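Could you walk me through this structure in the viewer, one selection after another? I would like to know what to pick next and what is there.

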Amino acid sequence: MAAAQPAEDYRDRPDNHQLDHIPGTWGYPIVGSALALIDDLLSLSRKHKAEYGNISRLRLGPQKGLMVLGADNFQKIFLDRDKNFSAEMGYVQQLGKFYRGGLLLRDFDDHKFQRRVMQTAFKTPAMKNYVAMMNPIFDNQLKNWPTGKQLVFFPLIKELLLEIGAKIFIGVEDYKEEADVLSDAFLNVNEGLSAIVHLKLPGTKFYKGMKGKDALHQFFADIIPQRREGDGQDMLSFMCQEKTDDDSYYTDSDLIEHAAFLLFAAHDTTTSVLSHMMMYLGLNPEWQDKLRAEAASIGKDDLEYDDLEKLKLMDQCINECLRLHPSVPLMTRRTINEIELDGHRIPAETMLFLPGSFNHREAVHWSNPEAFDPSRFDSDRLEHKNHSFCYHPFGGGAHKCIGLHFASMLAKTFLHKFLLQYKFTVPEGYAPKMNWVPLPKPADGVPFTIEKL
Ligand code: HEM
């Protein structure tokens, strides 16, 4: 049987809003349920499940579509055997102005072709080298963290990960010199993403974001020819040197889009998981001690690639943070064809909103789901295997996160360095409000105090 082909013109059609046959609510005029989502996406998802079931109508500002819950439904959507779901159309309204050619905003054959250029940057020899590059960056910044006074983790880790991004992703050698241009441009784009009004008027967030995008693209355009000629070991250099089947290089404009999207996809997600990690290790000092002992058991100051798999407890803690607070809180797709899902007829061009944290905490799959309990990932429990799609912090199927091993490597290399040098505490009775957007994190950025070991 021939493989299903997506309808050619699905990108040109507007979103379908004819969804009155499906239970749910459009919420308040104009904003719909956007404010409830910003406040607490998990509670909103649970409310929808209790009132309407796994599939329900939802409006988020200008977008009307369906909230989809449940591991079976996620499995069908992510595996997408019949090419019914477009990631490009799912994300275009949210990200399209800034990241139109990013990998997640491409579908099917085009996506497959473009994903190849990125895969080259994640091969084992490249990964080995990235760990080696990370160690001195962490050393240099960690040594300046003052002891004995309260610090805030979020801005510190953001700064650290911007340096990692500049050096490992793009091959910037003199970070101090180029950091301002690069990080300003990148941070402005991210601010632009949160703009509610998309008008290019000077002084607005959106305007700043568009300027940031131009600066970022120009920065990449200027360095791509050098990266093609050189023998750099950074991600951009690997991508620049990759060739297509007809022996030509990927185009500069594709490479610019990939480099910008890669920074975006990697930065906030890893900042988010490490912020949660600090919160939980501060609240659970016994886990902090266990991870420190595990880090010490490697017997080295600098972790190497082959050591990573030995850090099993760290893996469990990272997994548990991502279960409780997935860094991409809401994934999206748009239907290409009319489909049936969970007993509902869903027309073509319908937006689907997929909140990850609901399945991650559904009691049918997890014991005591609200508790921080990293041992649930231990080989004698393996709760995440209770359903192949009850745990999906990195998505699944064709668009599954290409950086998942890099993310884990980064988190482990940081934790290994940090825990071997410092012991830390969070304030007594610490119970921060949690942010869901633009990235999940403790709202106060995690206040903490370090003590040299
Ligand atoms: C804890 C860290 C991370 C988490 C939780 C995470 C999560 C995700 C998720 C959920 C998706 C799929 C979204 C969807 O299907 O709708 C995704 C895609 C992606 N991620 Fe990550 N990510 C992380 C770190 C990274 C890093 C470090 C990189 C790069 C080095 C990266 C690069 C990408 C790219 C390029 C895609 C698009 C893949 C495609 O469309 O084929 N991510 N990520």
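**First stop: a buried leucine**

Start by selecting leucine 415, which counts as buried because it has 25 C-beta neighbours inside 10 Å. You will find leucine 415 in helix H14. Bear in mind as you look around that this is a predicted model. Which residues is leucine 415 in contact with, once its neighbours within four places in sequence are left aside? Show Leu291, Ala295 and Met314 to see them. Next, add leucine 274: the C-alpha atoms of leucine 415 and leucine 274 are separated by 8.8 Å, although the two residues are 141 apart along the chain.

**Along H14 to H5**

Keep H14 on screen, residues 404-421, and add helix H5, residues 124-142. The axes of these two helices come within 10 Å and cross at roughly 35 degrees. The crossing of H5 past H14 is right-handed. To colour the contact, select Met127, Tyr130, Val131, Met134, Asn135, Phe138, Asp139 and Leu142 on H5. On H14, the partners to select are His405, Phe406, Met409, Leu410, Thr413, Phe414, Lys417, Phe418 and Gln421. If you colour by class, the contact of H5 with H14 shows 11 nonpolar, 4 polar and 2 charged residues.

**From H5 to H6**

Now leave H5 in view and bring in helix H6, residues 153-169. At what angle do the axes of H5 and H6 cross? The answer is roughly 145 degrees, and the axes come within 10 Å. This crossing is right-handed. On the H5 side, select Tyr130, Met133, Met134, Ile137, Phe138 and Gln141. On the H6 side, the contact is made by Leu160, Glu163, Ile164, Lys167 and Ile168. By class, the contact of H5 with H6 has 8 nonpolar residues, 1 polar residue and 2 charged residues. Tyr130, Met134 and Phe138 of H5 deserve a second look: they are listed in the contact with H14 and also in the contact with H6.

**A buried proline in a loop**

Go back towards H14 and select proline 374, in the loop between helix H13 (356-360) and H14. Is proline 374 buried or exposed? It is buried, because 21 other C-beta atoms lie within 10 Å, and 20 or more is the mark for a buried residue. Leaving aside neighbours within four places in sequence, proline 374 is in contact with Trp287, Gln316, Cys317 and Glu320. For tryptophan 287, the C-alpha distance to proline 374 is 8.9 Å, with their positions 87 residues apart along the chain.

**Backbone details to check**

Before the next selections, a reminder: most residues other than glycine have a negative phi, and most peptide bonds are trans.

- Select valine 437 and proline 438: a cis peptide bond joins them, with omega about -5 degrees. Proline 438 sits in the loop between strand E10 (434-435) and strand E11 (441-442).
- Select lysine 83, where phi is positive, near 50 degrees. Lysine 83 is in the loop between helix H2 (71-79) and strand E3 (85-86), and it counts as partly exposed because it has 17 C-beta neighbours inside 10 Å.
- Select aspartate 247, where phi is also a positive value, near 65 degrees. Its loop runs between helix H9 (235-241) and helix H10 (252-283). Aspartate 247 counts as exposed, with 6 C-beta neighbours inside 10 Å.

**Two domains**

Now colour the chain by its domain assignment: domain 1 is 16-63 and domain 2 is 70-452. Their centres, taken over C-alpha atoms, are 27 Å apart. The contact takes 17 residues from domain 1 and 20 residues from domain 2. On the domain 1 side, helix H1 (34-52) and strand E1 (55-60) are the elements that give two or more residues. H1 gives the most, with 8 residues. That side of domain 1 divides into 9 nonpolar, 5 polar and 3 charged residues.

**Zoom out**

Finally, show the whole chain, with its 14 helices and 12 strands. Its radius of gyration is 22 Å, close to the 22 Å that the globule rule gives for 453 residues, so the chain is as compact as a globular protein of that length. The C-alpha atoms fill a box of roughly 60 × 55 × 50 Å along the principal axes. Of the 453 residues, 43% count as buried. Among contacts between residues at least 6 apart in sequence, 71% join residues at least 24 apart.

Note on methods
Residues are numbered from 1 along each chain as its sequence is written. This is a predicted model: local features need pLDDT of at least 70, side-chain atom pairs count only at pLDDT 80 or more; totals for chains, interfaces and linings use all residues. Helices (H or I, at least four residues) and strands (E, at least two) are DSSP runs, numbered from the N terminus. The radius of gyration is taken over C-alpha atoms; the globule rule is 2.2 Å times the number of residues to the power 0.38. A residue is buried if 20 or more other C-beta atoms lie within 10 Å of its own, exposed if 12 or fewer, and partly exposed in between; C-beta atoms are placed from the backbone. Two residues are in contact if their C-beta atoms, placed from the backbone, lie within 7 Å. Domain bounds come from an automatic or database domain assignment. Ala, Val, Leu, Ile, Met, Phe, Trp, Tyr, Cys and Pro count as nonpolar, Asp, Glu, Lys and Arg as charged, and the others, Gly among them, as polar. Axes are lines fitted to C-alpha atoms, for helices over the stretch in contact, and angles run from 0 to 180 degrees between N-to-C directions. A crossing is left-handed if the near helix is turned anticlockwise from the far one by less than a right angle, and right-handed if clockwise.
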